[in-house]
2 protein chains.
Amino acid sequence: MAAPLSHAPTALQLVQSNSLPSLVQIEIERLILRGELAAGRRINESELAARFRTSRGPVREALRALEESRLVRSEKNRGVFVREISIAEADEIYDIREALDELIGRRVAERATQDQLHELTALVEQMEEATGSGNVSRYHALNLKFHDLLVDFAGNARLTESYRLLTKGLLLFRLRGLQDGGGFAVSNTEHKAVVAAIVARDRARAGRLLRQHAAQSRARMHKAAAA
Amino acid sequence: MAAPLSHAPTALQLVQSNSLPSLVQIEIERLILRGELAAGRRINESELAARFRTSRGPVREALRALEESRLVRSEKNRGVFVREISIAEADEIYDIREALDELIGRRVAERATQDQLHELTALVEQMEEATGSGNVSRYHALNLKFHDLLVDFAGNARLTESYRLLTKGLLLFRLRGLQDGGGFAVSNTEHKAVVAAIVARDRARAGRLLRQHAAQSRARMHKAAAA
DNA sequence: AAACTGCCGATTGTCAACAGTCTGCAATCG
DNA sequence: CGATTGCAGACTGTTGACAATCGGCAGTTT
């Protein structure tokens with residue numbers, strides 16, 4: 001078997017490895033997470049099939065997978081709906097996330113390579129810039145990337161899966177219009193503290209701080225929801 | 001809408017609420033978890049469709065859902081295979097499970113009702129009997145139920161989902177023939193300690209003990225794998 | 001004898017059509 | 001006039017058929 005010619009997969013490789021249903025799944029997920037398919041709305045199979053130029057079969061398979069990951073819910077003979085996350089359920093997710101974040105902090109503090117540490121510190125600085133210039137959307141994008149990187153650096157593939165699943169649920173909740181309660185400058189000071197603990201290889205502190213960061217994030221959510 | 005006439009759903013209610021794909025999914029999952037579909041083996045769509053007297057469509061949808069929950073993996077144009085969990089991946093799962101078990105212990109200790117406490121103590125006693133009479137398979141069934149009940153009593157639906165997902169992965173691993181390293185009498189003394197902490201409403205201790213129990217369980221797995 | 005090429009059966013991937021069910025509206029009846 | 005019934009349209013649930021692909025085997029070539 002020849003080595004891949006480039007790192008970016010060509011269209012050919014993409015078609016050969018990914019099946020139509022999985023591509024459709026990714027595309028629908030993107031629509032949901034970007035809010036183009038609003039939460040609670042019914043999803044029309046035929047319409048999606050027409051949009052993607054496929055038949056309904058692959059679309060149905062994709063929707064089944066999305067149902068399993070709790071991004072949509074399905075009622076028999078009525079269709080599938082984009083899930084609506086209540087604040088109670090967001091709370092449940094945060095409860096789990098806090099526990100996982102502590103685990104992530106510990107693992108990253110003990111396993112991260114030097115390069116990864118550099119990447120984290122660089123990212124925190126970028127977020128600092130975004131904070132300074134008041135660029136909220138950029139901050140949010142970087143924030144997502146930050147936590148994505150952290151769970152990656154924890155070096156536990158299954159943990160990455162579980163964490164991303166939960167994160168998607170929270171993303172769905174935020175789409176209801178409730179952005180974090182404005183405190184994103186505060187949020188980044190928390191990030192800095194976490195990274196500092198990681199760089200110092202202080203596992204317990206990194207874990208504790210990352211858990212607290214999740215808890216603060218939850219508190220900001222409640223504050224926003226109350227308003 | 002009339003109230004349901006009985007608690008056990010009739011066949012009619014079952015057909016009305018559950019779609020064919022979801023029923024097929026449950027059935028296939030059962031086959032996998034009971035080991036009738038051996039890990040690593042290829043799954044034949046037509047064969048399953050014939051067995052369940054449906055066409056391949058519903059079977060494919062069910063397999064997509066099972067792929068999302070990581071019980072099967074799928075290779076394009078080659079088919080779907082029952083997943084094989086390596087000991088490395090089982091380790092990853094245990095890492096997460098320990099974190100969740102601590103959360104479960106805390107929550108149950110603070111939320112469990114009196115009835116639930118009674119149920120737990122009763123279950124531990126039943127396990128004690130099974131231990132005494134050397135009934136291993138009964139002990140394992142009760143053990144599964146014990147942890148299932150615990151996560152239920154934690155009162156976090158999303159946590160229940162996540163936990164059960166992980167548990168299924170571990171079950172898949174155990175099917176490789178590696179039962180816990182014999183120490184199931186020891187295991188139950190750990191259960192008793194956990195329940196005692198819960199009854200005493202000592203959240204921190206219950207969490208710590210349940211986490212340790214998971215860690216011990218992981219150690220038993222390693223011991224069995226080494227042999 | 002080893003390696004390559006081209007076919008064959010089996011199985012998956014996809015599609016389009018049919019059947020069943022729900023929702024909303026209009027007509028009917030008390 | 002309000003409630004109920006029947007109908008029409010749209011959509012989902014399921015199926016069977018067709019197309020594409022894969023793995024293995026036989027035949028051929030060097």
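This passage describes the fold of chain A, a hairpin and a buried residue in chain B, the contact between the two chains, and the surroundings of DNA strand C.

The model is predicted, and local features are therefore given only at pLDDT of at least 70 and side-chain atom pairs only at pLDDT 80 or more, while totals for chains, interfaces and linings use all residues. Residues are numbered from 1 along each chain as its sequence is written, and chains are lettered from A and ligands numbered from 1 in the order in which they are written.

The secondary structure of chain A comprises 10 helices and three strands, where helices (H or I, at least four residues) and strands (E, at least two) are DSSP runs numbered from the N terminus. Along the sequence these elements follow the pattern α-α-β-α-α-β-β-α-α-α-α-α-α. The three strands form an open sheet in the order β1-β3-β2, with antiparallel pairing, two strands being paired if DSSP finds at least two bridges between them. The edge strands of this sheet are β1 (42–43) and β2 (72–75) of chain A, each of which pairs on one side only. Four bridges join β2(A) to β3(A), which spans residues 79–82, and V72(A) stands opposite V82(A) in β3(A). Of the 227 residues of chain A, 34% count as buried, a residue being buried if 20 or more other C-beta atoms, placed from the backbone, lie within 10 Å of its own, exposed if 12 or fewer do, and partly exposed in between.

In chain B, strands β2 (residues 72–75) and β3 (residues 79–82) run antiparallel and are joined by four bridges, with S74(B) opposite V80(B). Three residues lie between the strands of this hairpin, in which N77(B) takes a positive phi near 65 degrees. Elsewhere in the chain, V195(B) lies in helix α9 (residues 184–199) and is buried, because 22 other C-beta atoms are found within 10 Å. Apart from its neighbours within four places in sequence, V195(B) is in contact (C-beta atoms, placed from the backbone, within 7 Å) with L120(B), T121(B) and V124(B).

The contact between the chains takes 26 residues from chain B and 26 residues from chain A. On the side of chain B, the elements giving two or more residues are α4 (56–68), α5 (87–111) and α8 (157–174), and α5(B) gives the most, with nine residues. By class, this side has nine nonpolar, six polar and 11 charged residues, where Ala, Val, Leu, Ile, Met, Phe, Trp, Tyr, Cys and Pro count as nonpolar, Asp, Glu, Lys and Arg as charged, and the others, Gly among them, as polar. The axes of α8(A) (residues 157–174) and α5(B) come within 8 Å and cross at roughly 45 degrees. Here A157(A), R158(A), L159(A) and S162(A) meet E89(B), E92(B), I93(B), D95(B) and I96(B), a contact with four nonpolar, one polar and four charged residues.

DNA strand C is surrounded by 18 residues, the closest being L20(A), T54(A), S55(A), G57(A) and G79(B); a residue is near the strand if its C-beta atom, placed from the backbone, lies within 6 Å of it. The elements that give two or more residues to this surface are α2 (20–33) and α4 (56–68) of chain A together with α3 (45–52) and α4 of chain B, and the largest share, three residues, comes from α4(B). The residues of the surface divide into three nonpolar, 10 polar and five charged.

Definitions and conventions:
Axes fitted to C-alpha atoms, helices over the stretch in contact; angles between N-to-C directions.
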